[in-house]
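Could you put together a few exercises with worked solutions on this structure? I'm a first-year student, so please keep it relaxed and go step by step.

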Amino acid sequence: MNLLMGTAYMLLAVVHMFKIYGGYDLFLGMVLLVEAGIYFFGFSENPAEEKRKYAHTYVGGIMALWLSIYVVLKWLINLSSAELKLPDLLLIPLGILAFVIARVARRRILS
Amino acid sequence: MVVVVVDALNPEQGLYLLLQVLELRGDVILNLNAVDESKKAGVNVDVKELSKHTGVHVVETVAVTGEGVPKLLDTIVHVYETRPVHSPVFFDYGEKVEFWIQKISSMLDCSRNFPGRWLAIRFIEDDELVNRVCEKLPSIDPELRKELSLELATQRHKHIDVMIREAYSGRNTRKRLPLDEAIDHVLTHRFLGIPIFLAIIYLVFQLTFEIAQPLADFIENGITHLADFITRSLGSGLVSSFISEGLVEGVGAVLVFTPNIFLLFLAMGILEESGYLPRAAFVMDRIMYAMKLSGRSFVSLILGFGCNVPAILSTRSIPDPKERLITIMISPFITCSARLPVYVLITGIFFPEKAGTMLFLIYTSSILITGISALLLNRMLFKGSPVPLIMELPRYRRPTLKGLILYMWSKGKHFLQKAGTIILFASMIIWFLSTFPLGTSMEDSYAATLGKFVQPLLRPLGYDWKITTSLIFGMAAKEVVVSSLANLYGGQGKFMDNLARELDPVTAFSLLFFIMAYVPCFATLAVVRSETGSTKWMIFTLIYGLAVAYILALMVKTLGGLLT
Amino acid sequence: MKLSEVPQGLRVRIKAVNIEGELRERILGLGFVPGCEITVGISAPLGNPRMYIVGGKMITLRDSEANMIEVEPVGVCTLEETAEGETYVVESIWRGRNFCARMRRMGIRPGMVLKVLSKHPHVTVETIEGARISLKHGEARKIMVSRRERHWQ
């Protein structure tokens, strides 16, 4: 799961950083890169220590939700001028998905 | 009467404070807070048992929901009215310590009405206060004092251990919550810790400046329209000019900040209530230690790149007063976004090809000066001792909406009340200086006269009276420098050519540095005053900034003169 | 042993607090009192401030302060003294470069987690990867292990 989410955010980060397919914000790209990093480091965690992997999934999910909220806010405030670009459009459901996964990870950590 | 608030889940430190307070007085209430969290974690507290051990009333509350607060208030009234006459519960600190407490309290000669036992304990623990309230102090062997104070702390902790063992049951409070461990693992991760911090700060930055900007623009537009409306309806007399340009624009200058300030505090509230802020300080501490500061000031300084006002306001989260003061004093050197238009204008005119490099130079030197100032101020004010980083990392919590709104409102209100009045006052002065004497153009206004008067001071730097006047106007807000330069150098369209003709590149470059460092804007000065609580520090910031700017500009000018 | 030198995850008992001045009372009040046991928590990304778990609270200390606190490790013992079925962390390997090198070749290095399977006739341990290593009693006596409370980082 970490690998999957990491790759998704990595792709979005690349889109933003190289300004392709409607990407536009270098810095947002870097933030997404960090987000991908959280998942990737979770993936590279020792397989024997499952809880550490879940820790990365959990924190990554919360960060992802905040990122989605940020994107929605930015879109709302510029409602009149800017249409929702493709990477942002993907970021919103991805953040919600990440958060749902984070809830599962949370239960695993607590158990 | 004293109410000691104790965290129900980690009571040790709070109980330690309670024991210290009980040494002084008996009319104490113990408030066990956050009992919802301890219940959720599976910890049971026997309130009666705690009350029996400490001899005080114990009230359980949940501050975030307000649960138990009425009962706490009732208990406060009850204790106040009944005034317990019995002396506080006596905690035995062991034979040796008690012997010395007896001995010292008989030797202490104190005019004020403090319990002898308490004074003796404070004396053993080397408290400054005892020196102030007592005339005659016994001499004591420093080794013995050290031994006794250690024993005191040990005994207090022993008493607390007993209390917790008897009153607490269920889950071991000494074990950390698994979720906290998991979050800490990622947020302070060896490779991820710093990138995550920077990403979060970037989002806060965006929230405060990007998302607030349309709101701020909206307010600014409204103010402009209002001013226009007043001018149109009242004619162009002095009264209308005063109301529209002095009063309304002055209020506008305050209001324009409001969205930024409130959103900043919303973001800071989320970071603080969730418990991330101390972790951020923990993660960044090593870097700030080089400046003899702690990681706490890093967040504030970063915010300064947007605007110095929220940067200084955010120093509230720094608990150490020394560190807070230094952070406030050095914040103005961080290049805020209002300075950018001035930089862009000047680099655009004089160094069109190398504008990017010049901007980079300015930004890096602004960071450098901030660091050097931190060290310098530390040496000057606190003799170079670094700020310690001893802090308790709180549990992670989900911020509540109520808490956030309260946080945002109380801190935002403070800005409006304290800084707002000063900004308003300052913009009136600027209005006065640029309008009077009546019926003259800007070149003959008091401001211009003032500029001409001050100009000899700036002559070594090669600035004429027009630049000097613009700099004076720039005190209202740095971006005003651009419009005043435009006015004084022949109006829109022509002033760029005029500037390029009258200034040589070296002078222009030194001007960049001067603008970077000289007087922060009035708003910043106002918050320096309201946050430090003294005019002294505001004046200090002013003079220090001017001195640094002058020296820097002179250096650039001389070096530039040599090189070209 | 200085508190700042203690590896992460170890439990230590405080022997002395040699800090002077106003910081002293603060540190004592936080629970850094001789005789108390604390656990060394994770360190900041750049290594310097570290978390210490005192009671249930997490307190951060810079190495400059932790330097002045004398401690002794709790719960460190030789592999020979361990109980069967329990999990331990290798803290250090005693004496002799040859011995250390041989242990490393066998797959035992400081910081690794291992489980003691049986102690007779040889001390048999299982690594986290699942490999089984058999050690003579004399060898087991030269390996210091501790029981780690935290497995984070």
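**Exercise 1. Leaving aside its neighbours within four places in sequence, find out which residues B:L512 is in contact with.**

Step 1. Keep in mind that you're looking at a predicted model. Skip whatever sits within four places of B:L512 in sequence, and the contacts are B:Y343, B:I346 and B:I362.

Step 2. Now zoom out to the largest nonpolar core, which has 182 residues. B:L512 is among the members that touch the most others, along with A:Y58, A:V59, B:A267, B:A476, B:F514 and B:A517.

Step 3. Ask which element gives the largest share of this core: that's helix α11 (residues 238–274) of chain B, with 12 residues.

Step 4. Don't stop there, as a second, separate core holds 24 residues, including B:V58, B:V59, B:M163 and B:Y168. As background, nonpolar side chains tend to be buried together in soluble globular proteins.

**Exercise 2. Describe the side of chain A that touches chain B.**

Step 1. Start with the head count: 22 residues of chain A are in contact with 19 residues of chain B.

Step 2. Look for the elements on the chain A side. α2 (26–43), α3 (50–77) and α4 (86–110) of chain A each bring at least two residues.

Step 3. Pick out the largest share: α3(A) gives 12 residues.

Step 4. Sort that side by class, and you get 15 nonpolar, 3 polar and 4 charged residues.

**Exercise 3. Work out how chain B and chain C meet.**

Step 1. Here the contact takes 31 residues from chain B and 31 residues from chain C.

Step 2. On chain B, the elements that each supply at least two residues are α1 (12–24), α8 (142–167), α9 (178–187), α10 (193–234), α12 (276–289) and β8 (391–393).

Step 3. By class, this side of chain B splits into 12 nonpolar, 8 polar and 11 charged residues.

Step 4. Check for strand pairing across the two chains. β8(B) pairs with strand β4 (residues 57–61) of chain C, in the antiparallel sense, over 3 bridges. For one bridge you can point at, take B:E392, whose partner in β4(C) is C:I59.

**Exercise 4. Lay out the open sheet of 6 strands in chain C and say which strands stand at its edges.**

Step 1. Write down the order: β6-β11-β7-β8-β9-β10, with antiparallel pairing.

Step 2. Find the edges. β6 (76–78) and β10 (132–135) of chain C each have a single partner strand, so one side of each is left without a neighbour in the sheet.

Step 3. Add the twist, which averages 45° from one strand to the next.

Step 4. Take one pair as an example: strand β7 (residues 87–93) and strand β8 (residues 113–118) of chain C are antiparallel over 3 bridges. Within that pair, C:Y88 has C:L114 as its bridge partner.

**Exercise 5. Map the domains of chains B and C.**

Step 1. For chain B, the assignment gives domain 1 (2–82), domain 2 (95–170), domain 3 (187–344 + 356–410) and domain 4 (422–563). Over C-alpha atoms, the centres of domain 2 and domain 3 of chain B are 43 Å apart.

Step 2. For chain C, you get domain 1 (3–74) and domain 2 (76–146). Their centres, again over C-alpha atoms, are separated by 28 Å.

Step 3. See what joins the chain C domains: 4 residues from domain 1 and 4 residues from domain 2 make the contact. The domain 1 side has 3 nonpolar, 1 polar and no charged residues.

Terms used. Residues are numbered from 1 along each chain as its sequence is written. Chains are lettered from A and ligands numbered from 1 in the order in which they are written. This is a predicted model: local features need pLDDT of at least 70, side-chain atom pairs count only at pLDDT 80 or more; totals for chains, interfaces and linings use all residues. Two residues are in contact if their C-beta atoms, placed from the backbone, lie within 7 Å. Helices (H or I, at least four residues) and strands (E, at least two) are DSSP runs, numbered from the N terminus. Ala, Val, Leu, Ile, Met, Phe, Trp, Tyr, Cys and Pro count as nonpolar, Asp, Glu, Lys and Arg as charged, and the others, Gly among them, as polar. Two strands pair if DSSP finds at least two bridges between them. Domain bounds come from an automatic or database domain assignment. A nonpolar core is a set of buried Ala, Val, Leu, Ile, Met, Phe, Trp, Tyr and Cys residues joined through C-beta atoms within 7 Å. A residue is buried if 20 or more other C-beta atoms lie within 10 Å of its own, exposed if 12 or fewer, and partly exposed in between; C-beta atoms are placed from the backbone. Axes are lines fitted to C-alpha atoms, for helices over the stretch in contact, and angles run from 0 to 180 degrees between N-to-C directions.
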